[in-house]
Amino acid sequence: MVPGVTNAKVRGENRDIMAKRQGDIVYHSCLRNCADRCLLKFTVQNGRATYVEGAAEQRKTGTCPCVKGMTYIQYTYSPDRILHPMERVGPKGSGKWRRISWDDAYGKIAGRFKSIIEEHGSQAIMPYSYSGNYGAIGMYGAAERFFNKINARFLDRYVCAYSGSYGVMSALGTSNGPDPEDSVYSDLYISHGWNEAATNVHYLKYINVARDKGCKVIVVNPIRTPLASQADLHIQLRPGTDVHFFAAVMKYMIDNDLHDKAYIDANTKDFDALVKQLKTVSIDECLSISNVGNDDFMEFVKLYTEAKLAHWRLGYGIVRNYTGGRIARAACLLHAVGGHYGKIGNGLSYDNMQAWGCGDHDKVRAKHLRTNHDVGHVNITELAKALDPVNPTAYDAPCDPVKAMLFYNGNPAAMAPDVNKVLEHMKREDLFVVGFDFNMHDSMDVCDIILPAATQFETSDIIGSYGFFDLQVCDQVIEPLGESKSNWTFFSELAKAMGYTDPEFDETNDDMIRQFMSSDSPHLVNANIDYDRIMKEKFIKVWEQRPFLADGKFGTESGKIEFKSKYMEKKHFHPVLDLGQVEDWMIPEERNLPFRMVSPALIQRMNCEFYNVKYIRNFPAYTVTINPNDAAARGIKDNDKVRVFNHRGEVFLTAVVSDQVDTGVVLTVKNNLRRFNPNGSQTCTNMLTTDRLADLGGCSAYHSTNVDIQKA
């Protein structure tokens, strides 16, 4: 018998494991920043979660989440969880703390915030967060109600996606795309700047279904991803040069009468402007810049022009470049030249927001509580510049100094570029820093107040996927551990400690979920989805026009795909196809360094998360992959300790010699923590990455970082 479980029958050879699967079942969705958005089923015994599995009734998830999701029990009950509020008693960074009560914490924070507002104005207080919790309440509603009420500095959370979104919209008028599940009908799948195994692993089964029917697979990526190793063709171009490669493809197609003239005539505008721009470059020039051989180029053209239904999956890897928005736009234009929109099995999927964007986020955020919209903005990528005590800047202009920062759902000491500067400024004695999280990490080391956050499983929420079209529930699995509090409990209680009596701070999670579901979005209305139905069914696929864009009505000013864009012209780029290069934006001391460093996601991590799980920490996250030719030239061998450096700092990593990368490119892991680096150097990848913004949308440009490397 299992304690607390009536009439539990335990079968099988491993009685302990089978016993953990007996109990009450609670549905909850993974709220990590991943396109899959798995629906999970937790087993709960006597108030303790004992087992997690995928919800088999949901086709996209199946029975098994990824390797990260399988550790959610260990993640929740990890021994390094913060369970009580604490305040600093030594110098910042000394690691000396004393336990305090929540009342003491609220009093100290509210008192400091009030004095800062009185002396410096509300713009001196800044939130910092990103995607540690992607729930409608956990990510937005909880904190933004509070920061709207105090009229805090705006934080523009443009880490990724935005440059690509603007690039796609400049051509198509929308960044939404067709249902990714329809790729099972495709005869060509193009994975562009995307590593499905790391951030969309459950999508691979749809690709495999299509391949079983004869679908070809092309991967366009500077890195040989797991899918690239199995693909029919891998275009391993130089990072950030995608526009040149696509220009070569379009030029060849048009010159050889391989473009879809009927589709272009019916659905596009200013095709002649594209033809004119392509005449300014040669195919050989474009291939030389992108470092793609002629054989691979011709194979791409062959596979692409022979395809009847081509599904293009545009990933976030390409947009973390100075050229990111322009790359996204070029991909859209090439797909228009091929006539690949408006049918089931073709189209371009990028930042599909049908499910995530269908709710009423404004109500959840209570945006009406803000009375001052002139407090200024800080781009999350430019954190080091905004925190500078002498010359704070935002978007290349002077800004008011930041006197207090409260971070949650994020870890600036791992996420932010130019981390050395970020940590230096966070140690300012005149900067009041509050950290709200559930485990100790690098950013906590420089806090004045540390507060214990509940995990997502200790509260309720609602979420929509951006890789699929599913809207899903997050029912509360267990009660908060120790003295930890959910995001909403913390921020609503802090608001009351500040003396705010607005009824919005008396609402519950359920109230906000109902507000989210009160949207009149066609994605909800046309699928007959309301609060009662989603709570009962746990997941529902939202509505979308199918086939997507089959009516030929695009969201652009002309209603057609625009080969010439007023938006691009307004942003001072070529209005058709901008052929600028990454190096054009680099400062000289970086431009002349020999290696482009790309730092994508690791399959066993999600940004800086899961380091609290011992099993996950056993997967290396402090390596740098270098091409064998480059390694030989520097006397570097497998497992050597190496120094990777530029003008921002140095990082010590373990060398992996592999042709997974081409010459002139090195690969490391994004957002790793300093504290777990086994090389004993307290260094991490983002000590080197650029904090300059990408071409469109204020996006980050992590992959436009140049470095050198030597044996340590």
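**Exercise 1. Strand partners in the barrel**

Which residue stands opposite Val 624 in β27? Then place β27 among its neighbours.

*Solution.* The model is predicted.

Step 1. Go to β27 and look across from Val 624: Ala 655 stands there.

Step 2. Check a second position. Thr 625 stands opposite Val 656 in β27.

Step 3. Identify the strands. β25 covers residues 623-626 and β27 covers residues 649-657. Four bridges join the two, and they run parallel.

Step 4. Turn to β26, residues 641-646. This strand pairs with β27 over six bridges, in the antiparallel sense. One bridge partner to find is that of Arg 643: in β27 it is Phe 652.

Step 5. Look at the link. β26 and β27 form a hairpin, with two residues between them.

Step 6. Place the strands in the whole. Six strands close into a barrel, in the order β24-β28-β25-β27-β26-β29. The pairing is mixed. From one strand to the next, the twist averages 45°.

**Exercise 2. Two helices in contact**

Work out how α4 and α19 are oriented to each other, parallel or perpendicular. Then list the residues that make the contact.

*Solution.* Step 1. Locate the helices: α4 spans residues 136-149 and α19 spans residues 487-497.

Step 2. Take the geometry. Their axes come within 9 Å and cross at roughly 5°.

Step 3. Apply the cut-off. Angles under 35 degrees count as roughly parallel, so α4 and α19 are roughly parallel to each other.

Step 4. Collect the contact residues. From α4 come Ile 137, Gly 138, Gly 141, Ala 142, Ala 143, Arg 145, Phe 146 and Phe 147. From α19 come Asn 487, Trp 488, Phe 491, Leu 494 and Ala 495.

Step 5. Sort them by class. The contact of α4 with α19 has nine nonpolar residues, three polar and one charged.

**Exercise 3. Enclosed space**

How many cavities of 30 Å³ or more does the structure hold? Describe the largest and the second largest.

*Solution.* Step 1. Count: there are three cavities of 30 Å³ or more.

Step 2. Take the largest cavity. Its space is about 370 Å³. It is lined by 29 residues, and the closest to its centre are Tyr 75, Gly 132, Asp 437, Phe 438 and Glu 609. By class, the lining of the largest cavity has 13 nonpolar, 13 polar and three charged residues.

Step 3. Take the second largest cavity. About 130 Å³ of space lies in it. Of its 15 lining residues, Cys 30, Cys 34, Cys 38, Cys 66 and Lys 68 are the closest to the centre. The lining of this second largest cavity has nine nonpolar, two polar and four charged residues.

**Exercise 4. An open site**

Which residues lie nearest the centre of the second largest pocket? Which helices each supply at least two residues of its lining?

*Solution.* Step 1. Start with the volume: about 320 Å³ of space lies in the second largest pocket.

Step 2. Find the centre. The pocket is lined by 16 residues, and Ser 170, Glu 562, Ser 565, Lys 566 and Tyr 567 lie nearest its centre.

Step 3. Trace the helices. α5 (162-172) and α23 (566-570) each supply at least two residues of the lining.

Step 4. Sort the lining by class. The second largest pocket has three nonpolar, six polar and seven charged lining residues.

Key
Residues are numbered from 1 along each chain as its sequence is written. This is a predicted model: local features need pLDDT of at least 70, side-chain atom pairs count only at pLDDT 80 or more; totals for chains, interfaces and linings use all residues. Side-chain values use heavy atoms; hydrogens and water are left out. On a 1 Å grid over the protein atoms alone, a cavity is a set of points where a 1.4 Å probe fits but cannot get out, and a pocket is an open set with protein on both sides within 12 Å along at least five of seven lines; lining residues have an atom within 4 Å of a point. Grid points are joined across faces, edges and corners, and a volume is the space filled by probe spheres set on the points. Ala, Val, Leu, Ile, Met, Phe, Trp, Tyr, Cys and Pro count as nonpolar, Asp, Glu, Lys and Arg as charged, and the others, Gly among them, as polar. Two strands pair if DSSP finds at least two bridges between them. Axes are lines fitted to C-alpha atoms, for helices over the stretch in contact, and angles run from 0 to 180 degrees between N-to-C directions. Angles under 35 degrees count as roughly parallel, over 145 as roughly antiparallel, 65 to 115 as roughly perpendicular and the rest as oblique. Contact means heavy atoms within 4.5 Å.
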